[in-house]
Amino acid sequence: MWIDSISREAPVLIAGPTASGKSALAMELAARDGRLIINADALQVYENWRILTARPSAKDEAALPHALYGHVPRATAYSVGHWLRDLAPLLGRPLVIVGGTGLNFNALTRGLAQVPEVSPHVRAEADARRAAEGHEALLAELDPATAARIDRLNPVRIQRAWEVLRATGRGLASWQDDTPAPLLPLAKAEALVLTPDVDWLNTRIDLRFHQMLTEGALEEARENLPGWDPRLPSSRAIGGPELIAHLTGEMSLVEATEAATLASRQYAKRQRTWFRSNMKAWRQVSLP
């Protein structure tokens, strides 16, 4: 089997789109080699979502060692920098790092720019501008170097770049160009990116969301309803806003399910595009 060709000694990195089977592969490698499974997904860090973010089950976590899953409170902002700081003490032992957040892997293997924290005042200003004028207005004000390299279809990244420029007077690209050495250079790891057939993946996405509902995703959303704030990073869990909209009477459950599965498919498409552009040096694993 192809899995036998994966190193038993080097750290293994597994990236791939949502629902592509990353966690199952990580479990198999962890069981084979005695590895610690480390989360590299930006939403699986939050304690208030397990089912909807497809976090490992309590049974899985009891069977094999896991780290950086569900350890962040719902209302706490958690950046790539926070993730790197939490991960650093875990390096040096057999491990497999798995997730769908490419920025985490980039920061791990290429280094992370030491950009100063943005004040709440600047963030509030950016929120107001984006709400009133759209992210295109913020994009138009970025410095040329940052505008040339940013994902123009990602409003969150555009706002972040605008905030950095507004707060520091220096473009995000300039900060990135001063990036320190990475914690784990790509050459010292076995890096895999799963590249599933699109139709196969879309079918899995649809089936998985229905399975999530069977496992209690609606009840999980109901627990998140008190104090729900769509601006929180934890509220970006795909399916969360849709199920909340159902619980508040804005959508039927059928409509919420259709919207959530569509959002998941669209997210998977963005992930595949990002991986193709940023992970050309990774080993491509075709699925199914």
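**Exercise 1. Describe helix 1, the residue that follows it, and its buried side.**

Solution. Begin at the end of the helix, where glycine 34, with a positive phi near 70°, follows helix 1. The model is predicted, so local features need pLDDT of at least 70, side-chain atom pairs count only at pLDDT 80 or more, and totals for chains, interfaces and linings use all residues. Residues are numbered from 1 along each chain as its sequence is written, and side-chain values use heavy atoms, with hydrogens and water left out.

Next, take the length: helix 1 (residues 22–33) has 12 residues and reaches 16 Å from its first C-alpha to its last, close to the 16 Å expected at 1.5 Å a residue, where the expected span is 1.5 Å times one less than the number of residues. Helices here are DSSP runs (H or I, at least four residues), and strands are runs of E of at least two, numbered from the N terminus.

Finally, the buried residues (under 20% relative accessible area, 1.4 Å probe, protein chains only) are Lys22, Leu25, Ala26, Met27, Leu29, Ala30 and Asp33. They pack against several elements, among them strand 1 (12–15), helix 2 (58–63) and strand 5 (190–196), with contact meaning heavy atoms within 4.5 Å.

**Exercise 2. Is glutamate 255 buried or partly exposed?**

Solution. First locate glutamate 255, which lies in helix 13 (residues 253–278). Its relative accessibility is 43%, and therefore glutamate 255 counts as partly exposed, a class that runs between the buried limit of 20% and the exposed limit of 50%. As a last step, compare positions: the C-alpha atoms of glutamate 255 and alanine 245 are 9.7 Å apart, while the two residues are 10 residues apart along the chain.
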